[in-house]
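Trainee: Before I rely on the labels attached to this structure, I would like to go through them one at a time and ask what each of them rests on.

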Amino acid sequence: MTGWQMLFYKEVMRFWRVVGQTVGGPILTAMLYLLIFGHALESHVKVYEQVSYTAFLVPGLAMMSLLQNAFANSSSSLIASKVMGNLVFLLLTPLSYLHWFVAYVGASVFRGLVVGLGVFAVSAFFAPISFVAPVWIAVFALMGATLMGALGLIAGLHSEKFEQLAAFQNFIVMPMTFLSGVFYSIHSLPPFWQTVSHFNPFFYMIDGFRYGFFGISDVSPWLSLGVVGSTMLVVSALALTLLRTGYHIRY
Amino acid sequence: MLALDQVSLDIEEGEFFGLLGPNGAGKTTMITILAGLAKATSGRVSVLGSDVQVDFAQARRKLGVVPQELVFDPFFNVREALRFQSGYFGVRHNDAWIDELLDSLGLTDKANANMRMLSGGMKRRVLVGLALVHKPPVIVLDEPTAGVDVELRQTLWAFIAKLNKQGSTVLLTTHYLEEAEALCGRIAMLKTGRVVALDSTSALLKAASGNVLRFKIDGDLPVALLPGARVTGRVVQFPAQDALAVERYLAAVREAGLVAHDIEIRRADLEDVFLDVMNRHASPAVQKVAP
């Protein structure tokens, strides 16, 4: 095992040790959404003609959980190490900023995929799901998780206290994932909010991901690919720059 | 604020080098720069020929740093922490050396204990183990014995001295001057970011003011004697060159109506040298405050 592989392994072990909290919890939360929203709205809402509302919810919930957990992994690991002071052990090693990036984001992607798969596996019992274009499913899952892992890295590096990270999570990640069309099609929104939604990269992650299952979406999956891909590159470039310059970790 | 100013020194390979100075002198800043945890605004530092900024990976492989703060990762046990640290340096199949480290540091029975469950002294031992896990040729110890019991101090120094004898270079900062005197071949003294003394330990001791008169009194020392005296509770110490000086001090005490007990005359030690050096380089700010 080389240096970055060991760091990746350690980062995976860190969340795996508390798997109930880091994987079980998010799956339970997603199940509650599915039960409550599915039950309450199944007979009232029809987003696409050929898809039941509960089936419509499943990919969105899986993706939302995937994104939130990919973010949570890198950000919480970094802030905990900074507050505890044990980040110094890593700072003393010969690992380069690229190694840090690959290990932290890799572990985030891994946790995101584990949680997303878990949510999907459990929720698939509640509604019939199709897999029209599995490649799109994989592409959006991987890109979304990478983007959020890198965003978590930025949030973890920037924050000096747990409260700052919580603010990041409560005021940016939660609203943007909730307003991304997990629970509705943006076509059902008034024109103004439709326009606003088009500026939310999370919308494209969910929409493109859902296309892979049903073959229908609010916008073309190629447009979603373009938006998600370029956002991922910008966020990753910023995360790499912060790591390279030692932002808030080396002085 | 300038933490270090015009510091320039070479530590030879295989040396046991002491870096002494009062709190805030810049000792930890120097180590932080050496370890690549902070960047110097100007100047350069290299470890066995590797620049700590340009050639950081090589420099860090050569360094084993024991940080001053008692930090730990609460998710893992002692052996796991050592294995991870070893892995970060790309050292594989390192269990034999890890076992030796655990044994030498008296940690064998704590190998599977979670870091959270360890006492402060035990955590300190793990810090030393983590610093040495990749067998670095240069070992940096930043106040490793702060708040540590006698037993660990002895275990630790025996182990570090052994590594030094086998060729490791050691850089030590400490406030326990008797430790520095016993262990370090050469010493630098730092004050407000500047090197104010740099010499072999024996030369520093030789240059000291010879002997020290030490006694105890019940009561206050006469004001006339205060300059030059080192008072610690009932214990009073004076630098004394010869018998004349000794007689003069004792006479002054008698004239003040006091009785000196437990009188002894001893050789000046590193603590005397240290205080002497620090006084001679009293910072302007401090002089202004003094009456």
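Trainee: Which residues does A:G144 touch, not counting residues up to four places away in sequence?

Mentor: Keeping in mind that this is a predicted model, A:G144 touches A:M63, A:L66, A:L67, A:M205 and A:V228 once residues up to four places away in sequence are left out. A:G144 itself lies in helix α6 of chain A, which covers residues 134-158.

Trainee: Why is A:G144 called buried?

Mentor: A residue is called buried if 20 or more other C-beta atoms lie within 10 Å of its own. A:G144 has 28 other C-beta atoms within 10 Å, and therefore it is buried. As for its surroundings, A:M64 is 80 residues apart from A:G144 in sequence, while the two are 9.6 Å apart in space, C-alpha to C-alpha.

Trainee: How do you know whether the radius of gyration of chain A agrees with that of a compact globule?

Mentor: The value is set against a rule of 2.2 Å times the number of residues to the power 0.38. With 251 residues, the rule puts a compact globule near 18 Å, and chain A has 18 Å, so the two agree. Alongside that value, the C-alpha trace of chain A spans about 60 × 35 × 35 Å along its principal axes, and buried residues make up 50% of the 251 residues in the chain.

Trainee: What elements does chain A have, and how far apart in sequence are the residues joined by its contacts?

Mentor: Chain A has 10 helices and 0 strands. Among its contacts between residues at least 6 apart in sequence, 82% join residues at least 24 apart.

Trainee: How many residues does each chain bring to the contact between chain A and chain B?

Mentor: The contact takes 22 residues from chain A and 23 residues from chain B. On the side of chain A that touches chain B, α1 (3-16) and α4 (87-91) of chain A each supply at least two residues, and the largest share, 5 residues, comes from α1(A). Sorted by class, that side of chain A has 12 nonpolar, 6 polar and 4 charged residues.

Trainee: Turning to chain B, what makes β4 and β8 of chain B edge strands?

Mentor: In chain B, 6 strands form an open sheet in the order β4-β5-β6-β1-β7-β8, with mixed pairing. The edge strands are β4 (63-66) and β8 (194-200) of chain B, each of which pairs on one side only. From one strand to the next, the twist averages 15°.

Trainee: Why do β1 and β6 of chain B count as paired?

Mentor: Two strands pair if at least two bridges are found between them. Strand β1 (residues 16-20) of chain B is joined to strand β6 (residues 169-173) of chain B by 4 bridges, so the condition is met, and the two strands run parallel. One of the partners is B:V170 in β6(B), bridged to B:F16.

Trainee: Which helices lie across strands of this sheet?

Mentor: Among them is helix α5 (residues 120-132) of chain B, which lies across β4 and β5 of chain B and runs at about 170° to β4(B). Helix α10 (residues 270-280) of chain B lies across β1, β7 and β8 of chain B, running at about 35° to β7(B).

Trainee: Which residues of helix α4 of chain B are buried, and what do they pack against?

Mentor: In helix α4 (residues 95-104) of chain B, the buried residues are B:I98, B:L101, B:L102 and B:S104. The buried residues of α4(B) pack against α3 (78-88), α5 and α6 (150-165) of chain B.

Notes. Residues are numbered from 1 along each chain as its sequence is written. Chains are lettered from A and ligands numbered from 1 in the order in which they are written. This is a predicted model: local features need pLDDT of at least 70, side-chain atom pairs count only at pLDDT 80 or more; totals for chains, interfaces and linings use all residues. Axes are lines fitted to C-alpha atoms, for helices over the stretch in contact, and angles run from 0 to 180 degrees between N-to-C directions. Two residues are in contact if their C-beta atoms, placed from the backbone, lie within 7 Å. A residue is buried if 20 or more other C-beta atoms lie within 10 Å of its own, exposed if 12 or fewer, and partly exposed in between; C-beta atoms are placed from the backbone. Ala, Val, Leu, Ile, Met, Phe, Trp, Tyr, Cys and Pro count as nonpolar, Asp, Glu, Lys and Arg as charged, and the others, Gly among them, as polar.
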